[in-house]
Amino acid sequence: MKISKEYPRQTGSLTQTLPRDLKDKIKDSSHNEISAENVSGNSQDKNKTKVYEPRPLTPQDPLYDEVMEQLSSRPVKPKYWFEEFGDYWSCSCGHINRGDVCVGCGLERELLRSLFILHKPDEKESVLGERVKKTQNNIDKEAEYNKAVLLHRESSSAEDIDNIKPIKAPAVQPSSEVAVTGNRPETETPIPVPVETTSPPKSHKKRNIIIALIVVIALVFAGGVYYIYTFIATPAKEYESALAMMESGKYEEAIEKFQSLGDYEDSVKMIRDCYISMGDNHLKSKEYNKALEAYRTAQDMNDTNEIKDKINAVKYQYVKDHVSKGGDTFESYLAELKEMNYPGINSIYDKYYAWHMKIVANGSEDDYSTNQTTFSRFDTVFFHASLSGGEPDETISLYYVVTWPGGFKETQSLNSQWKSGSKITAHFSYPIAFMGAEGKLNFKIYDSQSNKEMGSCTVTFEK
């Protein structure tokens with residue numbers, strides 16, 4: 001499909017249908033622009049005919065769907081690309097226009113510009129190509145000249161009009177364009193330019209402003225997309241990934257993810273929650289040191305009563321499991337919990353720091369381990385007592401009671417302050433051995449303050 005558009009110089013309408021034989025020649029020509037003399041043969045009044053073949057709009061074009069959607073309510077559907085050259089423009093219906101509204105379908109120039117400008121195809125692939133660029137100035141100058149002629153005609157007589165002398169425009173470089181006079185080609189006559197035309201056409205300025213605005217909008221849009229992707233979309237995705245790791249028990253990996261997010265959302269709180277969950281798991285596994293380490297890290301981030309209770313719970317559980325073993329760590333935790341009167345700690349404390357006494361009997365003054373149960377009436381019995389327990393640096397007062405065969409009892413105070421690790425030795429024998437009675441000899445030690453029995457040992461005298 002080819003569309004012809006005529007630009008008048010002095011007289012005649014804006015559009016004019018070309019003769020059929022000239023149209024046929026135009027169809028066979030590979031040139032974009034043709035200048036022809038008026039069919040009437042008037043050499044003084046020439047019309048310049050522009051032949052333009054619009055670029056079809058196909059479904060493969062990137063903005064095809066958008067254009068169709070925007071213009072779906074229009075009676076004439078878009079078939080071609082919107083193009084601009086000088087003050088003239090080609091509508092999506094294929095009609096050539098010079099005003100702001102297409103005379104063919106009624107579409108506004110600004111609307112088409114806003115739809116097509118961001119997706120305009122490469123000029124090299126356009127039908128106009130470089131020729132449109134080269135002839136844009138000539139088209140604009142011709143328009144200015146026609147305007148000057150009309151203004152002069154309104155203020156002058158017919159005689160004055162005949163005396164108007166056009167000023168030659170700068171020489172135009174030869175191109176592939178052809179001027180046709182009948183059937184004989186000739187070079188195109190330079191277009192006269194009025195003296196008043198000294199500044200760039202307003203249409204060019206307007207177009208440059210629009211292009212600049214579009215560039216600015218594109219940059220702002222690109223910046224917005226970058227900001228959304230970098231500071232909103234990506235962190236949100238990483239945050240969801242960290243939550244999933246946390247829920248599946250991968251606390252260390254989740255902590256690394258949350259740390260990389262900085263102060264995004266509640267990442268800091270989630271890191272603390274991860275450490276608390278790690279501590280809970282270690283406590284269930286009786287890994288007390290690891291549990292305390294995790295809880296204390298969470299405590300450094302935010303010290304609350306909740307985390308203090310968890311730390312004390314770890315210490316209490318450790319103490320319960322180490323009553324029989326003791327140790328420095330055990331005694332340290334026990335003292336801390338005792339000071340705060342932690343529930344259930346008093347019974348453990350009393351049990352651990354209770355006094356204990358081991359008593360053995362034998363015939364040696366220095367043997368604190370061998371235990372002998374029977375003796376002769378002629379032997380001397382040595383009772384060895386080893387004291388343990390009590391609170392750190394605590395001392396105790398003691399006394400003993402000996403019950404001889406036959407029921408005679410003897411009580412004696414142990415004049416000293418005894419403490420954990422003390423060793424006590426007492427020995428007994430008959431003054432007259434052959435007169436000594438046979439039977440059981442019982443030795444007991446008591447707490448002087450509470451009269452509580454600390455320990456005992458019984459031996460038997462024989463012949």
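How many bridges pair strand 15 with strand 16, and in which sense do the two strands run? In this predicted model, strand 15 and strand 16 (residues 453-462) are matched over eight bridges, and the pairing is antiparallel. The two strands make a hairpin, with five residues sitting between them. One of the residues in that turn, Asn-451, has a positive phi of about 60°. Across the pair, Ile-445 faces Gly-455 of strand 16.

That hairpin belongs to a bigger picture, an open sheet of five strands with mixed pairing, laid out in the order 10-16-15-12-13. Strand 10 (374-376) and strand 13 (409-419) take the edges; each has a single partner strand, so one side of each has no neighbour in the sheet. From one strand to the next, the twist averages 25°. As for what holds such an arrangement together, strands of a sheet pair through backbone hydrogen bonds, in either a parallel or an antiparallel way.

Moving along the order, strand 15 (residues 439-447) is also tied to strand 12, this time by six bridges, and the two run antiparallel. Here Tyr-400 has Ile-445 of strand 15 as its bridge partner. Ile-445 thus turns up twice, opposite Gly-455 in strand 16 and as the partner of Tyr-400. Strand 12 (residues 395-403) is joined to strand 13 as well, through eight bridges and again with antiparallel directions. In that pairing, Tyr-399 is matched with Ser-413 of strand 13. Tyr-399 and Tyr-400 therefore look to strand 13 and strand 15 for their listed partners. 

A second open sheet has three strands, ordered 9-11-14, and its pairing is antiparallel. Strand 9 (356-362) and strand 14 (423-428) are the edge strands, each paired on one side only. The twist in this sheet averages 20° from strand to strand. Six bridges connect strand 14 with strand 11 (residues 381-388), and these two run antiparallel. Among the matched residues, Val-381 has Phe-428 of strand 14 as its bridge partner.

Away from the sheets, helix 11 (residues 328-339) and helix 12 (residues 345-352) pack against each other. Their axes come within 10 Å and cross at roughly 135°, and the two helices are therefore oblique to each other. The crossing of helix 11 past helix 12 is left-handed. On the helix 11 side, the contact is made by Phe-330, Glu-331, Leu-334, Leu-337 and Lys-338. They meet Ile-345, Asn-346, Ile-348, Tyr-349 and Tyr-352 of helix 12.

What about the cysteines? Searching the whole structure turns up zero disulfides. A disulfide is a covalent bond between the sulfur atoms of two cysteines. For Cys-102, the closest cysteine sulfur is that of Cys-91, at 3.5 Å, which is too far for a bond. Cys-102 is buried, because its relative accessibility is 3%, under the 20% cut-off. Cys-457 is buried too, with a relative accessible area of 9%.

One last residue is Thr-234, which lies in helix 6 (residues 202-247). With a relative accessible area of 30%, Thr-234 counts as partly exposed. Thr-234 is separated from Leu-261 by 27 residues in sequence, while their C-alpha atoms are 9.8 Å apart in space.

Technical notes. Residues are numbered from 1 along each chain as its sequence is written. This is a predicted model: local features need pLDDT of at least 70, side-chain atom pairs count only at pLDDT 80 or more; totals for chains, interfaces and linings use all residues. Side-chain values use heavy atoms; hydrogens and water are left out. Two strands pair if DSSP finds at least two bridges between them. Helices (H or I, at least four residues) and strands (E, at least two) are DSSP runs, numbered from the N terminus. Axes are lines fitted to C-alpha atoms, for helices over the stretch in contact, and angles run from 0 to 180 degrees between N-to-C directions. A disulfide is a pair of cysteine sulfur atoms within 2.5 Å. Buried means under 20% relative accessible area, exposed over 50%, partly exposed in between (1.4 Å probe, protein chains only). Angles under 35 degrees count as roughly parallel, over 145 as roughly antiparallel, 65 to 115 as roughly perpendicular and the rest as oblique. A crossing is left-handed if the near helix is turned anticlockwise from the far one by less than a right angle, and right-handed if clockwise. Contact means heavy atoms within 4.5 Å.
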